[in-house]
Amino acid sequence: MPKIQFYPLDVTYKVKDNKAVIFVFGRAADGKTICVIDDSFHPYFWVLLRKGESIEKFRKYAEGLSEKKDNDLLKVEKTEVKGKKFLGDDVEAVKIIVNQPAAVVHFREMLGKRKEVSHVLEADIQFARRYLIDKKITPALLHEVEGEETIERVKCDYIIKAAKIEHVSDDTLKPKTLAFDIETYNPEGKNILPDKYPIVMVSLYGERFKKVITWKRFKTKHDYIEFVDGEADLIRRFKEEVGSYNPDILVGYYSDGFDFPYMKTRAEKYKIDLDLGWDHSSIKLGRGRNEAVEITGMVHVDIFRFIKFVMGGSLDTDYYDLSSVAEELLGDKKIEVELDGLADAWDNHHERLEPYCEYNLHDSLLAFKLCDKVLPNILELVKVVSLPLFDTVRMSFSQLVEWYLLKEAPGFNVLAPNRPEHDSIKERIEKRFKGAFVFEPKPGMYKDIAVFDFRSLYPTIIASHNISPATLNAKCPENERDYAPVEGKKVWFCRNPKEFLPRMIKELITRRLRVKEILKSKKDKMLEARSYSLKILANAFYGYLGFYASRWYSFESAEAVTAWGRFYIQQVIKKAQDNGFEVLYSDTDSIFLSLEGKKRDDALRFVEKINMELPELMELEFEGFYPRGIFVSAKVTGYGAKKKYALLADDDSIKIRGFELVRRNWSLIAKEVQEKVINIILREEDIDKAMDYVKEVVNDLRSNKIGLNKVIIHTQLTKEIDAYEQYGPHVAVADRMKKQGIPVGPGTTIEYVIIAGKEKIRDRARLPGEVSQKDYDPDYYIDNQVIPGVEKLFEVLGRDIAEETESKEQSKLQSFFAKKKK
DNA sequence: GAGCATCGGGG
DNA sequence: GTGTACGATGCTC
């Protein structure tokens with residue numbers, strides 16, 4: 001039989017003659033598309049019987065089951081018995097093999113009701129995924145299919161009826177990616193109405209390929225712009241172009257929630273079928289909260305989702321709009337155009353449309369590059385969970401952990417627990433336990449700080465103490481028990497045998513260590529991405545144990561993890577103090593030591609000693625030396641602020657945590673002053689200079705020397721103007737804009753300046769275009785923007801910025817006396 | 001301050 | 001499709 005090597009990408013199934021037929025779509029090694037068809041795989045699930053019940057009697061009963069439902073025949077094909085592990089117990093499990101997926105739904109319910117049955121297990125694992133797990137197929141890796149060519153209505157170069165599919169190597173597909181983005185006619189600002197307004201342009205961007213399709217003509221220098229006669233043609237041409245480019249991955253930014261749903265609505269209007277699927281099926285829109293748009297065969301990636309939910313933790317940006325994300329990850333932004341002017345240009349000024357096409361294309365380019373950038377992360381996760389890219393990029397951490405466990409379970413002969421039912425979910429949500437330990441910092445400025453943190457603290461605790469629902473308070477001799485330091489509770493985990501869940505997390509940790517080992521000798525972006533993916537997945541295990549919807553949920557296990565976490569970090573703190581170090585700050589897994597009167601080597605030796613005493617996998621790592629650092633007091637309590645500090649690193653870079661620098665609704669001048677003050681304090685240690693700088697800015701503000709652009713405040717409208725109860729300055733300005741005929745609505749960013757006067761602040765808010773530099777109110781910017789941003793920093797250093805700049809209370813007092821005099 | 005509802009992203 | 005989904009934030013009582 002002929003053999004073909006290929007990279008699987010997508011899996012689905014169809015029911016034919018009461019039998020499930022699997023379709024594996026992918027890219028052959030020669031670049032052609034391939035569809036592998038397999039009808040030899042049967043759906044199944046497991047049943048456990050109560051103690052004392054006869055397995056043979058039950059099997060006899062089950063094997064005769066058959067039912068007609070509508071036109072479907074549902075029947076049990078056969079049963080098997082196998083020794084399995086279920087939550088640490090050895091059990092005899094009955095495998096119920098049925099003819100088609102719908103029969104699983106039917107018989108799991110029927111058998112679940114019988115009194116001799118105690119558990120129905122793994123009866124909710126989707127058939128296509130089950131197929132991948134059981135056949136050990138990992139999407140995007142090289143496989144070989146052996147089989148004959150066959151005929152089927154699919155858009156594939158090879159159509160093979162499989163006799164055998166085998167994993168060949170970890171050689172990974174370099175996918176062909178195409179990005180797309182639409183622009184729509186939108187006279188109503190943020191209010192998006194697909195039923196009412198058309199798509200005006202669509203862009204496509206791929207390797208050596210770019211195109212913008214639009215349907216109003218104008219003179220242009222760009223040969224990538226193609227003109228068609230109307231929206232319907234635009235949609236048809238989009239389909240054709242995607243088809244002829246024939247990508248493995250079609251990527252968009254928020255295309256699950258916007259581009260595809262919008263296009264679908266428009267296509268329906270013209271009765272155009274968006275049949276992009278390799279089996280000629282239409283794109284499938286997700287319902288309700290699940291917005292995923294699926295295309296059979298082709299991998300549709302909504303890169304926004306992946307970046308926000310999987311990469312989010314490591315990004316600095318607070319916002320996940322394309323521009324912010326692209327800026328951080330790629331150093332490239334969206335092209336700036338006046339989007340509100342598109343509708344007018346579309347209606348009345350075609351000659352103004354070209355910039356919008358450039359903008360449109362650039363969005364696709366950004367989506368393309370973002371996808372390319374995070375592809376190594378995606379592929380690493382795909383390797384771990386062995387699910388199609390489509391599913392993997394849309395999974396939350398807990399789902400990734402769960403599918404990793406589900407995939408590995410058969411190899412360890414482990415039966416997966418069921419997901420919780422409604423009642424137990426409610427119970428689980430209400431249960432809370434104690435979290436991490438935070439050592440409150442004493443506000444102040446410190447010199448020579450050494451920072452250490454535990455490498456993957458929680459994952460290594462789980463692996464080292466064999467934490468899992470199966471070992472929790474299980475039977476084992478007293479000297480085999482590891483008691484968790486949970487207050488007021490007797491909780492232990494048996495040290496042996498090493499259980500499934502800790503073994504799985506250990507596998508991730510050691511895999512990552514191997515990657516990191518290679519990384520030491522050569523820098524490699526791919527490997528860094530792999531290391532990152534493995535790290536976040538390992539870290540997610542702890543959350544998974546305590547997550548209400550988990551199969552392997554274990555409240556006591558999660559509780560034990562944080563208890564041990566507190567135990568270890570407190571132990572380090574204590575030992576540091578015993579060794580004469582001053583501990584400045586500690587949060588969860590990190591510790592900040594003052595090196596006053598000590599040498600760097602002392603700190604390194606101290607950590608070495610700590611590591612000798614820790615369990616094998618656990619390690620306190622050196623994070624860095626910082627010549628100077630400042631900890632600021634919290635706003636409310638006045639005590640040490642958690643997670644609010646700035647450090648000057650050895651390489652002269654500054655690490656800022658928890659300060660407001662990035663907030664959108666701060667004026668540029670406020671951000672600038674905060675940043676500069678931190679810099680002067682840390683780099684030059686010259687408090688007077690920092691103070692003088694602030695005074696200078698305050699004076700410049702007073703004499704209106706600061707440019708208007710630096711006093712503009714940005715605030716986003718979150719709802720309709722009328723809906724605001726609190727008529728704040730940004731709402732007032734939005735109102736003014738509306739009266740001037742500028743469209744505003746939810747999502748519009750309002751820019752305003754506060755001008756001098758005695759009225760309420762909201763009555764003194766103006767559009768930047770309405771005022772000039774001499775109009776803004778110095779007092780407002782001094783008291784409400786600049787001073788609050790640096791107040792705490794100076795407070796730590798024993799200085800009162802408000803007093804020294806004679807702002808705030810002072811000025812209020814002055815005006816009070818001024819009034820009195822009159 | 002708890003409890004509920006709604007954004008988020010997208011033009 | 002052997003199905004189900006989060007989490008931060010703002011607003012109201």
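How many cavities of 30 Å³ or more does a search of the whole structure find? Two turn up, and I come back to them in points 5 and 6.

1. Ground rules. This is a predicted model, where local features need pLDDT of at least 70, side-chain atom pairs count only at pLDDT 80 or more, and totals for chains, interfaces and linings use all residues. Residues are numbered from 1 along each chain as its sequence is written, chains are lettered from A and ligands numbered from 1 in the order in which they are written, and side-chain values use heavy atoms, with hydrogens and water left out.

2. The barrel. Five strands make a closed barrel in the order 1-2-3-10-9, and the pairing is mixed. Ignoring direction, neighbouring strands of this sheet are turned by 40 degrees against each other on average. (Axes here are lines fitted to C-alpha atoms, for helices over the stretch in contact, and angles run from 0 to 180 degrees between N-to-C directions.) Strands (E, at least two residues) and helices (H or I, at least four) are DSSP runs, numbered from the N terminus, and two strands pair if DSSP finds at least two bridges between them. As a reminder, strands of a sheet pair through backbone hydrogen bonds, either parallel or antiparallel.

3. Pairs inside the barrel. Strand 1 (residues 3–16) pairs with strand 9 (residues 141–149) in the antiparallel sense over four bridges, with Ile-4 opposite Val-145 of strand 9. Strand 1 is also antiparallel to strand 2, this time over 10 bridges, and there Tyr-13 stands opposite Ile-22. Those two strands form a hairpin with two residues between them, and Asp-17 in the turn has a positive phi of about 50 degrees. Strand 2 (residues 19–28) goes on to pair antiparallel with strand 3 (residues 33–38) over six bridges; Phe-23 has Ile-37 of strand 3 as its bridge partner.

4. The two DNA strands. A residue is near a strand if one of its heavy atoms lies within 4 Å of it, and a polar contact is a pair of N or O atoms within 3.5 Å (within protein, one must be able to donate a hydrogen and the other to accept it, and residues adjacent in sequence count only if both atoms are side-chain atoms).
   - Strand C: there are 22 residues around it, and Tyr-13, Arg-108, Ala-123, Phe-127 and Asn-290 come nearest. Tyr-13 is the residue that faces Ile-22 in the hairpin. Sugar or phosphate accounts for 48% of the atoms of DNA strand C within 4 Å of the protein, bases for the rest. A backbone N or O atom of Ala-123 is 2.3 Å from a base oxygen, one of Ile-125 is 3.2 Å from a base nitrogen, and one of Phe-127 is 2.4 Å from a phosphate oxygen. Helix 2 (101–112) and helix 3 (127–134) are the elements that give two or more residues to this surface.
   - Strand B: of the 19 residues around it, Glu-183, Thr-184, Lys-190, Tyr-254 and Leu-322 come nearest. Here 52% of the DNA atoms within 4 Å of the protein belong to sugar or phosphate. An N or O atom in the Glu-183 side chain is 2.6 Å from a sugar or linking oxygen, a backbone N or O atom of Leu-322 is 2.6 Å from a phosphate oxygen, and a polar side-chain atom of Asp-340 is 2.9 Å from a base nitrogen. Strand 11 (177–184) and helix 6 (303–311) each give two or more residues, and strand 11 has the largest share, four residues.

5. The largest cavity. A cavity is a set of points, on a 1 Å grid over the protein atoms alone, where a 1.4 Å probe fits but cannot get out, and lining residues have an atom within 4 Å of a point. Grid points are joined across faces, edges and corners, and a volume is the space filled by probe spheres set on the points. The largest cavity comes to about 80 Å³. Its lining includes Lys-85, Phe-86, Val-414, Glu-499, Phe-500 and Trp-552, and strand 6 (72–86) and helix 14 (500–521) are the elements that give two or more residues.

6. The second largest cavity. This one is about 60 Å³. Among its lining residues are Arg-455, Leu-508, Arg-512, Leu-534 and Lys-535. Helix 14 and helix 15 (525–546) each supply at least two residues, and helix 14 gives the largest share, four residues.

Terms used: 1 Å grid on protein atoms, 1.4 Å probe; cavity = no way out; pocket = protein on both sides within 12 Å on 5 of 7 lines; lining within 4 Å.
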